[in-house]
Amino acid sequence: MQIADLGDVQLHYRVDGDPDGAPVVFSNSLGTDLRLWDPILPLLPKGLKFIRYDKRGHGLSSGPGAPYSMGALVRDAEQLLDLLEIRDCAFVGLSIGGMIAQGLAVKRLDLVRAMVLSNTAAKIGTADMWNDRINAVKAGGIESLADAVMERWFSKAFRATPELALWRNMLVRQPRDGYAGCSAAIAGTDFFTPTSGLRLPTLGIAGDQDGATPPDLVRETVNLIPGSQFHLMKGAGHLPCVENPVEYAGVLTQFLADIGHV
């Protein structure tokens, strides 16, 4: 575990794999920390350098006063990669992490040579929807939303397993202000126009039981980028890397091989 002091925020991050390998950066979803990627890392090819981090207001990172802007979240990722002297990474972003991926690629194409847009979109939901969620968190904490979030995140089959408790606990133990702050960033983001100007290898991944970013929403965003690929994972919800890590890792490995990253 390491901490990156970026001035107004301190980001918890960790680096795994081959320190000299081609870099793969992971950015996780709202309400999770970098452990989201634990299930797939052992299944990915040897020789890669894996960088994960907790975005501001999540996990072991600091939480500046909410609300946050998407520009701030993109800048956090940019400054972290600059600090670590990372260039030409494959950036894997899930949900809000996929929005950060889009914003970073638009801003700093020298940092990102390929993107995986997992369970995400150029625009997610409406401002009113997110503001209602922010108000609910402020009034009753994340616990007040937890059961509804689990229904959006996971398939019915996974919700019947003991593992559900792990992810519910991760959600409710995130800082309240961090969850609300990142919700505000999503509420204010519409990347349709900038993302449509991107030209880099892109893979979209969706779960057919995703209640947060349904497959058609993911596909619509991925289709903005010419030559992109799309993969639908059946029987999986919003966090398919958790529900089916073998398939997820396999799809990611094939994409990395296709673009010459492994």
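In this predicted model, the axes of helices H1 and H2 approach to within 9 Å and cross at roughly 70°. Since angles of 65 to 115 degrees count as roughly perpendicular, the two helices are therefore roughly perpendicular to each other. From H1, the residues Met70, Leu73, Val74, Arg75, Ala77, Glu78 and Leu81 take part in the contact, and they meet Ile96, Met99, Ile100, Gly103, Leu104 and Lys107 of H2. Sorted by class, this contact of H1 with H2 holds nine nonpolar, one polar and three charged residues.

H1 itself spans residues 70-83, and its 14 residues reach 20 Å from the first C-alpha to the last, close to the 20 Å expected at 1.5 Å a residue. Its buried residues are Met70, Ala72, Leu73, Val74, Asp76, Ala77, Glu78, Leu80 and Leu81. An α-helix has 3.6 residues a turn, so residues three or four places apart point the same way. After H1 comes Glu85, which has a positive phi, near 55°.

The other main element is an open sheet of eight strands with mixed pairing, arranged in the order E1-E2-E4-E3-E5-E6-E7-E8. Strand E1 (2-5) and strand E8 (229-233) lie at its edges with a single partner strand each, so one side of each is left without a neighbour in the sheet. On average, and with direction ignored, neighbouring strands are turned by 25° against each other. Within the sheet, E6 (residues 112-118) and E7 (residues 202-207) pair in the parallel sense over four bridges, and Leu117 stands opposite Gly204 in E7. Helix H2 (residues 96-107) packs on this sheet, where it touches strands E3 (22-27), E4 (48-53), E5 (89-94) and E6, and its direction makes about 140° with that of E5.

Conventions: Residues are numbered from 1 along each chain as its sequence is written. This is a predicted model: local features need pLDDT of at least 70, side-chain atom pairs count only at pLDDT 80 or more; totals for chains, interfaces and linings use all residues. Side-chain values use heavy atoms; hydrogens and water are left out. The expected span of a helix is 1.5 Å times one less than its number of residues. Buried means under 20% relative accessible area, exposed over 50%, partly exposed in between (1.4 Å probe, protein chains only). Two strands pair if DSSP finds at least two bridges between them. Axes are lines fitted to C-alpha atoms, for helices over the stretch in contact, and angles run from 0 to 180 degrees between N-to-C directions. Contact means heavy atoms within 4.5 Å. Angles under 35 degrees count as roughly parallel, over 145 as roughly antiparallel, 65 to 115 as roughly perpendicular and the rest as oblique. Ala, Val, Leu, Ile, Met, Phe, Trp, Tyr, Cys and Pro count as nonpolar, Asp, Glu, Lys and Arg as charged, and the others, Gly among them, as polar.
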